[in-house]
Amino acid sequence: MTRSAAGVMNAVLHDPEKPVPPSGPAWGAIISLSLGTFGLVTAEFLPVSLLTPLAHDLGISEGAAGQAMTATATVGAISAPTVAIITKRLDRRTVMWTMTLLLILSDVLAAGAWSLAVLLTARVVLGIALGGFWSMSAALAMRLVPSHLLPRAMSIILTGVSVATVCAAPIGAYVGDIWGWRSAFMLAAAGGVATLLVQLITIPRLPPIGVTSVRSLLDVAKIPMVKVALFVILLVASGHFAGITYIRAFLEKIPALDVETISLVLFAFGIGGFLGNLAGGLLAEYSLKAVAALAPLLIGIAAVSLLTAGASAFASGIAVGAWGFAFGAVPVGLQTWMVRRAVPEQAESAGVLMVIAFQVAIAAGAIFGGLLVENAGITSAIGYSAVATFVAALIVLLLGPKRET
């Protein structure tokens, strides 16, 4: 049974040494968290658009430079539970400020990197910030707004992801081409400083109301609905990344699109993700089950469309755009589902489990998709995406969250 943010605050009012945030929705703080997601995702994906000049300047192969992405994802999965446990006695706003400081440090280190070791160090620092931030963002949103507004708050926070997905690569490439790849990271660092200033002003005191530990993680993982949600996350995220990782190769071979057209299709994917995020937040306020089920169902339909009509450039473009729209709604539904299944004191533990599940699914999906592509062709990876997401949608429809009163 969930409680509103006001109810959560009342649980700690008995301790006069622990001030609580205002009882009304703290939208300024929510927006500052959205800025944080934008900065983190921008920093995470900048190497994608800067890989060639970055590798050339550091005197390393593009493959070696690409390991910077792997390092961030791996450390992110490890840091999610670690940061939550280490900082369990600290005010949560202090922790979020620290994650933003780590983001800034990572960008500065990357901008000044003179070797692969320094670049990897920067990416490890970013991974710590990513894991710590994502493990707590939903729990903080739950404390900053009333329960019925949680989907809207999560949608706003995740808008930063959608905007960064659309903008990071093209802006990074443009800035890097004009002023050099290091300037793109410095620009990201400046954005991080602006984000920190907004967070310093807007995030109220948020004393810890639940202690995250290995035991609490295990306790939350035993909740039946959380088990279902984690399994759905594994299916949806692995299915998504198994297919989308190789979508460019698919577009090059099946509809045989040129580079310019592929760029437009991928841009449509990003725009779709942005719109899907907003739509998911609005729909989740009325039916959380609808968002959690329809998003993977639409991904499955898009994957089947690529398999059956992918030879058509128009059909492929529509399918990829629909795929982006669907996946944009996924985090809103699943994060809201996870934190609502746990009592407020367990919300951070639920967030940690979700981050771990997503990171494991991302890695598993990319690896499994690669094996399928190597042994059975690109269409087999798209086929797995369809199967995994259809199964996830069916599980949500049968076992998913009930409408809350």
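At 46% relative accessibility, leucine 294 counts as partly exposed. The model it belongs to is a predicted one. Leucine 294 sits in helix α12, which runs over residues 288-309. Leucine 294 also helps to form a nonpolar patch on the surface, along with Leu283, Leu297, Ile301, Val304 and Phe390. This patch covers about 440 Å². Helix α12 gives the largest share of the patch, with 4 residues.

Now step back to the whole chain. The protein has 405 residues, and 54% of them are buried. Its secondary structure comprises 15 helices and 0 strands. About 16500 Å² of the protein is exposed, and carbon and sulfur atoms supply 72% of that area. Next, look at how the chain meets itself. Take the contacts between residues at least 6 apart in sequence: 85% of them join residues at least 24 apart.

Go inside next. In soluble globular proteins, nonpolar side chains tend to be buried together. Here the largest nonpolar core has 97 residues. Which of its members touch the most others? They are Val232, Trp337 and Met338. Pick out tryptophan 337 in the structure. Leaving aside residues up to four places away in sequence, tryptophan 337 touches Met225, Val228, Ala229, Val232, Leu288, Ala292, Val396, Gly400 and Pro401. A separate, second core has 17 residues, among them Leu119, Ala122, Ala184 and Ala188.

Helix α8 shows how one helix can have two faces. It spans residues 214-221. Its buried residues are Ser216, Leu217 and Val220. These buried residues cover an arc of only 105° around the axis, so they lie on the same side of α8. The face turned away from that buried side carries Val214, Arg215 and Leu218, which are exposed. A general rule helps in reading such a pattern. An α-helix has 3.6 residues a turn, so residues three or four places apart point the same way.

Charged side chains come next. How many salt bridges does a search of the whole structure find? It finds 2. One joins the side chains of arginine 182 and aspartate 57, at 3.1 Å from N to O. Arginine 182 is in helix α7 (residues 181-202) and aspartate 57 is in helix α2 (residues 27-58), so this pair ties together parts that are 125 residues apart in sequence. Both partners are partly exposed. Arginine 182 has a relative accessible area of 28%, and aspartate 57 has one of 43%.

Arginine 205 and aspartate 91 also meet in a salt bridge through their side chains, at 3.7 Å from N to O. This pair lies in loops. Arginine 205 is in the loop between α7 and α8, and aspartate 91 is in the loop between α3 (62-86) and α4 (92-111), so the bridge ties together parts that are 114 residues apart in sequence. Is each partner buried or partly exposed? Arginine 205 is partly exposed at 38% relative accessibility, whereas aspartate 91 is buried at 14%.

End with another arginine. Arginine 123 is found in helix α5, which covers residues 116-144. At 1% relative accessibility, arginine 123 counts as buried, because the cut-off for buried is under 20%. Serine 106 is 17 residues from arginine 123 along the chain, and their C-alpha atoms are separated by 6.5 Å.

Terms used: Residues numbered from 1 in each chain as written. Predicted model: local features only at pLDDT ≥ 70, side-chain atom pairs only at ≥ 80, totals over all residues. Heavy atoms only, no water. Salt bridge = Lys/Arg side-chain N within 4 Å of Asp/Glu carboxyl O. Helix = DSSP H or I, 4+ residues; strand = E, 2+ residues; numbered from the N terminus. Buried < 20%, exposed > 50% of the residue type's maximum accessible area, 1.4 Å probe, protein only. Core = buried A, V, L, I, M, F, W, Y, C linked by side-chain atoms within 4.5 Å. Contact = heavy atoms within 4.5 Å. Patch = residues over 30% accessible without salt bridge, like charges linked within 9 Å, V, L, I, M, F, W, Y side chains within 5 Å. Areas by Shrake-Rupley, 256 points an atom, 1.4 Å probe, with all protein chains shown as cover. Arc of directions from axis to C-beta.
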